[in-house]
Amino acid sequence: MEKITEKLLLEKGSPKTNKLEQIETLNLSKMALKLEDLPVKLLSRLRSLERWDLSGNRLQEFPKCLELPALRYLDLSDNQMEDVTTLKSLRALEELKMDDNLYITVSDNYKLFVLLPNLRIYNSKDVTATANRLRYVYSDNLRTRMIAVWERSFSLPDPVSAEKLSSLEEKFVSAARKQVKFGPSSVADFTKWRVEILAKEYLRSLAEPKEDSDDEAQTENNDDTDVSAPPKRKQVDAAADAFISLTPRKKLRADLPESPAESSPRKSSPRLKPLTGTQSRMSPQKPNWGPSTPNKAETRAETPRRRAKAKEVKEAEQKVNLSREEAKAAQPHRNVHVLPIIKACNKTKPVSLKPLHALQCHSKQDSPDDVSTQLWACAFQPQSESSAGSRLVATCGGDSVCVIDCETGKVMKKYKVPGEEFFSLAWTTVLMSRGGSAPSQPCSVLAAGGKRGLVKLIHPRNNMAYGEFRASRKSLSVLRFSHRQGNFLFTGSYDNKIIMWDIGGVDKHFNFKVVQLLTLEVGTTPLHICLPPSSPDTHLLTACEDGLLCYNTQLGANSTTKRSNKMEITFPVYKMEDKQHNYHTIDGLSFLTDDVVASKSHTHGSIYLWSWSGTRSQRPDKRSGSVCAVVLAELQWAVTDVPYLSLNTCPGRAYIVCGDDKGRIWTYHVTNLQKNSGQIGKTIPPTEVLEWPTPVRKGLGRIEGPSINSVAMDPELHYLVALTDKNLAVIWKSEVLSRGT
């Protein structure tokens, strides 16, 4: 009689139901089950099963080809498991228990880490960093050695036939298994097993070459790896290489000294400081807010660079207006891609934003007189953990990082590092293992970096900065986490590189491990990093001092861990460049939808909306490796020579927001594009321009319009936060209008 029947599964499963397809948790422990007792056809109906306890049985292997797409947790402890490769069909598995299986070796553990791409917790321990090192770094070393064996002794037969390939594969795999030596002898079995898989994949790729794909075509004949900036572009004098320079400042200052090469102790854990009475706060609800935006010339002395740029900006504005017709030629497929914008955004309503709070919480030595500290980056906390939802926003500037409650205007946490200057931050969610049989739980982590080249890892809920690691010997310009793989962090730095890290998870003692996975040679300073929502594991866009670049970031397969091949995305405004005008500095970049991208060039005075899929579908120019962006629309923005005024998007509310150098916030509700999308070459005006609210500090007078360095919105656009170059963080709160504009 069968041990496992549909009736038994319904009794042992939960929630209680009369359908196998609705079972989410199943306990079949201590039933003396063997492989033949597990009917694959019946068990395959458990399409919603997330947790399965098979501990205390007599299983030597798992049923082959049993696919359970929702399974996240599997307990196979206290069995007799020998062949772990039978688990390879469980690709969604995140947590696995294999304790008390006497025949499981270290090599078997390593095989599991490679076979199960989403495995994070193994025997109640976080193995994310180790697993990713095996999947990518270790495998890349084996792949390099395996390819050397091929190039030394083998070649494809001519002509290629199935019989000859089969014989060649057998000889090549045998030679690779014998000749490739890497890693300790205790994992030799794993090494041979992995080499065999890689060798077969490599031979298959040679015998069956793929058609040129959109993302691979960018590497053809691309010999402009090290791009030199034109003479007029912002760059660092070669004589200043001994210093950290080219920091994103909008005022001329002395260069910062380079941070020391030695890493600081990783496990230093300074506590976050709560807000004290020395933090300055100004409320925009008071009646003494100024009525209008002041003239910029009245409040800020012109620097030599601004005087030199004034004439250029005026000429640029005239030239833009005269060259609209030339831009038409660069947009042959524009109308094809307009419809997705309208479909994605026409269900949202515009909002009315009102100033709520103005905070001065990054002051040097908490001085209320500090109006020079520049604030550079802000981001809202993911909603999953905090009861406050997306009310919490993190901001950075000067030597501090703050976490602010937007509704109350209270600084909840403050983290200071004397001598540091933070330029960027990013939120993510990682798993925290709690030990024993307790399941891992997600927790929000904040990463911040800047002048010193160190990434600080902060756990705000536990009031702890639990670690740091050195990402570069130069300053960090940008941080970005993968929204699909939360433990993958990209860091951009002033040594013209982007590095992909795996920061893993943390245990209950806040131990963690960081592994470097990939290095991208950019050739210019990266200012922003974006991962396409539909392909975050394979593509990366970076806005740089010298253009907009696209990289292939796919790990594994036949990829290397150091890459310089790239595809440049160009824009119609580039055609208007001359000796006095350069539009290659892309200082704003963000996705509005899965396909629509917003970007802007320094001094252009417009924001481009362009199609990612339409642009990527083009074949890059064989000589330059570039493609022209498929522009969908052009949004009117301010004309200014002040760089690094970054834009942001709110996909959920179909909004694009960007500040200018007069304290104004330009907002665009993209449903307005429907009326203008067919008018090629004409800019679309903003939905609303929020004037600078001119807060008043007690006893010190009004603070006139500053430059808005950065903006952020929560997913529902309940709050908008703007950071300035005058040490002010200003919060707006939204009210939904009854009908669209």
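The legends below describe close-up views of a predicted model, beginning with a run of helices and ending with individual backbone features.

**View 1. Helix α3 against helix α4.** Helix α3, formed by residues 106–115, approaches α4 so that the two axes come within 9 Å and cross at roughly 80°. Because angles of 65 to 115 degrees count as roughly perpendicular, α3 and α4 are described as roughly perpendicular to each other. On the α3 side the contact is made by Y110, F113 and V114, which meet T130, A131, L134 and R135 of α4. Sorted by class, the residues of this contact comprise five nonpolar, one polar and one charged.

**View 2. The length and kink of helix α4.** Helix α4 runs over residues 128–153, and its 26 residues should span 38 Å at 1.5 Å a residue, which agrees with the 37 Å that separates its end C-alpha atoms. The helix nevertheless contains a kink of about 40°, centred on L134. L134 is also among the α4 residues that meet α3, where the partners on the α3 side are Y110, F113 and V114.

**View 3. Helix α4 against helix α5.** The axis of α4 and that of α5 (residues 162–179) come within 10 Å and cross at roughly 125°, and that angle makes α4 oblique to α5. The crossing in which α4 passes α5 is right-handed. From α4, the residues M146, V149, W150 and R152 take part, and they meet L168, F172, A175, A176 and Q179 of α5. The residues of this contact divide into seven nonpolar, one polar and one charged.

**View 4. Helix α5 against helix α6.** Helix α6 comprises residues 188–207, and its axis comes within 9 Å of the axis of α5, the two crossing at roughly 145°. As α5 passes α6, the crossing is right-handed. The α5 side of the contact consists of L165, L168, E169, F172, V173, A176 and R177, whereas the α6 side consists of K192, W193, V195, E196, A199, K200, Y202, L203 and A207. By class, this contact has eleven nonpolar and five charged residues, with no polar residue. L168, F172 and A176 of α5, which appear here in the contact with α6, are also listed in the contact with α4.

**View 5. Two cis peptide bonds that lead into prolines.** The peptide bond from S14 to P15 is cis, with omega near 0°, and P15 lies in the loop between β1 (13–14) and β2 (25–27). The peptide bond from D158 to P159 is likewise cis, with omega near 5°, and P159 is placed in the loop between α4 and α5, the helices shown against each other in View 3.

**View 6. The backbone at N463.** N463 has a positive phi of about 60°, although this residue is not a glycine. In the chain, N463 occupies the loop between β18 (454–459) and β19 (464–470).

Conventions
Residues are numbered from 1 along each chain as its sequence is written. This is a predicted model: local features need pLDDT of at least 70, side-chain atom pairs count only at pLDDT 80 or more; totals for chains, interfaces and linings use all residues. Side-chain values use heavy atoms; hydrogens and water are left out. Axes are lines fitted to C-alpha atoms, for helices over the stretch in contact, and angles run from 0 to 180 degrees between N-to-C directions. Helices (H or I, at least four residues) and strands (E, at least two) are DSSP runs, numbered from the N terminus. Angles under 35 degrees count as roughly parallel, over 145 as roughly antiparallel, 65 to 115 as roughly perpendicular and the rest as oblique. A crossing is left-handed if the near helix is turned anticlockwise from the far one by less than a right angle, and right-handed if clockwise. Contact means heavy atoms within 4.5 Å. Ala, Val, Leu, Ile, Met, Phe, Trp, Tyr, Cys and Pro count as nonpolar, Asp, Glu, Lys and Arg as charged, and the others, Gly among them, as polar. The expected span of a helix is 1.5 Å times one less than its number of residues. The bend at a residue is the angle between axes fitted to the seven residues ending there and the seven starting there.
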